[in-house]
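Reader: Could you take me on a close look at a single part of this model? I would enjoy one connected account that starts from a single residue and works outwards.

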Amino acid sequence: MRCGMWNWDADGGNDAAGQRVSPRLLVIDDDEADRLITKRLLGRIFGDDLDLETIADWDQAVAAVEAGGHDIYLVDHFLGAGTGIELIERGTRGEPDRAFILLTGQESRSIDLEATRVGAADYLMKSELDVSRLERSLRYAWEMLKHKRLLIDQATELRLAKSAIAEDARKYLDMARTLRKMQGDLRQALVRAENGEKQYRWLAQHDLLTGIPNRSLFLAQLQKDLASAERSGQAMALYMIDLDRFKFVNDSHGHKIGDGLLVQFASRLSRFLRKTDTLARLGGDEFAIITTNLDREASASVTAEKIIDAVADPFVVDGHHIESGASVGVVVFDGFEQVTPDELMQRSDFALYRAKDSGRQQYQFFDEELNRVILRNNLLKQEIQKAIGTDQIHLVFQPKIDVATKSIKGVEALTRWTHPELGVVSPVEFIPLAEMTGQILELSDWVLEAAFRTICQWRGSVLENVPIALNVSAVQLKNGDLVNTVKDLMRRYRIRPSEFALEITETTALEDLEAGIDRITALRNMGISIAIDDFGTGYSSLALATTLPADQLKIDKSFVSGMLTRSSDAAAVKASITLAHAMGMHVVAEGVEHMAEFEYLERHGCDQVQGYLIVKPLKALDLVEWYAVERDKLLRQAA
């Protein structure tokens, strides 16, 4: 009999016969693919103990939540007729004994804050959902539910005791001795009730693992400290902290060791903080510290260095020696500007990202440069939504030339954005923003349709039957209904699978390898060619090349540009060509800019090249005109 990884020892987990009973789970999600993924992950967690129901309809979901009957509810945020926040708000009225986990495909601090406000036990990004994160979240929700039920039972018991004592007091009012005894019993009951209420409040405001304040209490304290700094003019600092290599510790040693590491890390941070400072765990390996009454950056730097020093020595957890580090983002607030807690946290987040980019064991301050980045990103987030579907966004195409015949074997479609006021906005800037906001799905659908229109436009020209390759984003591969979207567009524009291809980077595939392979296989089974893009820049290049179902391998331009001067790059290029051919794949070299590079690739058996040596990316009609003129010249070179 197959068993899952679930082995929690939670109160209330036995039936009348003393047999082990798993939590009753309800998944509420109107996306069938996401329900199936969640169900599969739950199956891997609980195995044969899985007690699961699913609902896709809003009205049924409302009825099920209001009726109860389940222990843990996994609720999608976007449900068509309503939101997951509204559903959780209905389900938490009156403090019922149930727990909610909010699932969303869009990272948003406002949704995070709303989820905390309505009482969600956790907030999970679908794009980051895997067995480890889901199991941790369920375990946390189950533990909270256990404490909640215990407190409900205690509160019920105390209410009954108080009622009984009050009734007895009325009956024996004339009996002073009995009355005094009952009055004493009542005082004790009230003390117990007060202690129970304090315990409930503590549980609601503290992290159960480390015992330090949680996100809810942290946000309330941040609001108070901001108001105090504005009144006094005394500076305060906010530190965002991430443990380095924490995912590696979890994956290699297990969650028990990972939890022990978090507990020890919180303990080390607590040792050097003042009573007026606040340390909180915001979730996962993310911690935050507030320090007040500072003399600007000098004192803030001292604290940041202490945080770095706190993880300098290895941790010992259940006999395992674990070396870690910390990345810290710091923002100092002097009290002389108007700023909200969300804005302050956003600033410290940006500083944290810059610290991570600088390497392990680093801290970085928020400054004007980062402020300009935040302002520009906020502006671009607004403007990209307006730009999609207009002539601001357009496609250009760069050909891939067969090394032997010098004919075009395919073209890559590249998205460009020219803003009427901001000018040209680099894809390196707007594509990650679109992925972060979820706008990448709408943008990707537009790119697919624009490329298919171009295929139709090229029929009867020199580029007829030349396949157009399109890049697939991680969000699109994980959350978007990519397979059905492609099918619908192929049917609408009467496109054959041989007329286009899809390119997937290593990092995109690694976001959710299992789901990615399933969807890539489905597309390839439709006859669509798949290419592994930017090969060699990820963490598992060789493993991916042998795992992903692909027809083509594209060597990243960073290796091509260095292969004539660096032996390591030359070795990587030759090994990639050999590996691809051994697996029956064609090889395309990106970023070829010099004839010496072309000749080197030709000598070592590369199949196709792409780059400025051939031509820069051109608009659809410009590329047709270019090839009509250059085709005969290229063919003569091949001859």
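**Ser327 and its surroundings**

Author: Happily! Leaving aside residues up to four places away in sequence, Ser327 touches Met240, Ile241, Asp242, Asp244, Leu352, Ala355, Lys356, Gly359 and Gln362. Please keep in mind that this is a predicted model. Ser327 belongs to strand 11. With under 20% relative accessible area as the cut-off for buried, Ser327 counts as buried because its relative accessibility is 1%. One of its neighbours deserves a second look: the side chains of Ser327 and Asp244 are joined by a polar contact of 2.9 Å.

Now let us follow the strand itself. Strand 11 covers residues 325–333 and pairs with strand 6, residues 235–244, in the antiparallel sense, over nine bridges. Met240, which is among the residues that Ser327 touches, has Gly329 of strand 11 as its bridge partner. In general, the strands of a sheet pair through backbone hydrogen bonds, in either a parallel or an antiparallel manner.

These two strands are part of an open sheet of five, in the order 7-8-6-11-12, with mixed pairing. Strand 7 (278–283) and strand 12 (362–365) are at the edges; each has a single partner strand, so one side of each is left without a neighbour in the sheet. From one strand to the next, the twist averages 20 degrees.

Next comes the helix that goes with this sheet. Helix 7, residues 215–232, lies across strand 6, strand 7, strand 8 (286–294) and strand 11, and runs at about 20 degrees to strand 8. Its length makes a nice check: at 1.5 Å a residue, the 18 residues of helix 7 should span 26 Å, and the end C-alpha atoms are 25 Å apart, which agrees.

Which side of the helix is covered? The buried residues of helix 7 are Arg215, Phe218, Leu219, Leu222, Asp225, Leu226 and Ala229. Viewed down the helix axis, these buried residues fall within an arc of 130 degrees, so they line one face of helix 7. Their cover includes strand 6, strand 7, strand 8 and strand 11, along with helix 4 (109–118) and helix 11 (341–357). On the face turned away from the buried side, helix 7 carries the exposed residues Lys224 and Arg231.

The two ends of the helix are worth a visit as well. At the N-terminal end, Asn214 caps helix 7, with a side-chain oxygen 3.2 Å from the backbone nitrogen of Ser216. Just after helix 7, Gly233 takes a positive phi of about 75 degrees.

Since helix 4 came up as part of the cover of helix 7, let me end with another sheet, from an earlier part of the chain. Five strands form this open sheet in the order 2-1-3-4-5, and the pairing is parallel. Strand 2 (51–55) and strand 5 (122–125) are its edges, each with a single partner strand, so each has one side without a neighbour in the sheet. Here the twist from one strand to the next averages 20 degrees. Helix 3 (residues 84–91) packs on this sheet, where it touches strand 1, strand 3 (72–76) and strand 4 (99–104), and its direction makes about 175 degrees with that of strand 4. Strand 1, residues 24–28, runs parallel to strand 2 and is joined to strand 2 by five bridges; within that pair, Arg24 stands opposite Asp51.

Note on methods
Residues numbered from 1 in each chain as written. Predicted model: local features only at pLDDT ≥ 70, side-chain atom pairs only at ≥ 80, totals over all residues. Heavy atoms only, no water. Pairing = 2+ DSSP bridges. Helix = DSSP H or I, 4+ residues; strand = E, 2+ residues; numbered from the N terminus. Axes fitted to C-alpha atoms, helices over the stretch in contact; angles between N-to-C directions. Contact = heavy atoms within 4.5 Å. Expected span 1.5 Å × (residues − 1). Buried < 20%, exposed > 50% of the residue type's maximum accessible area, 1.4 Å probe, protein only. Arc of directions from axis to C-beta. Polar contact = N/O pair within 3.5 Å; in protein donor to acceptor, adjacent residues only side chain to side chain.
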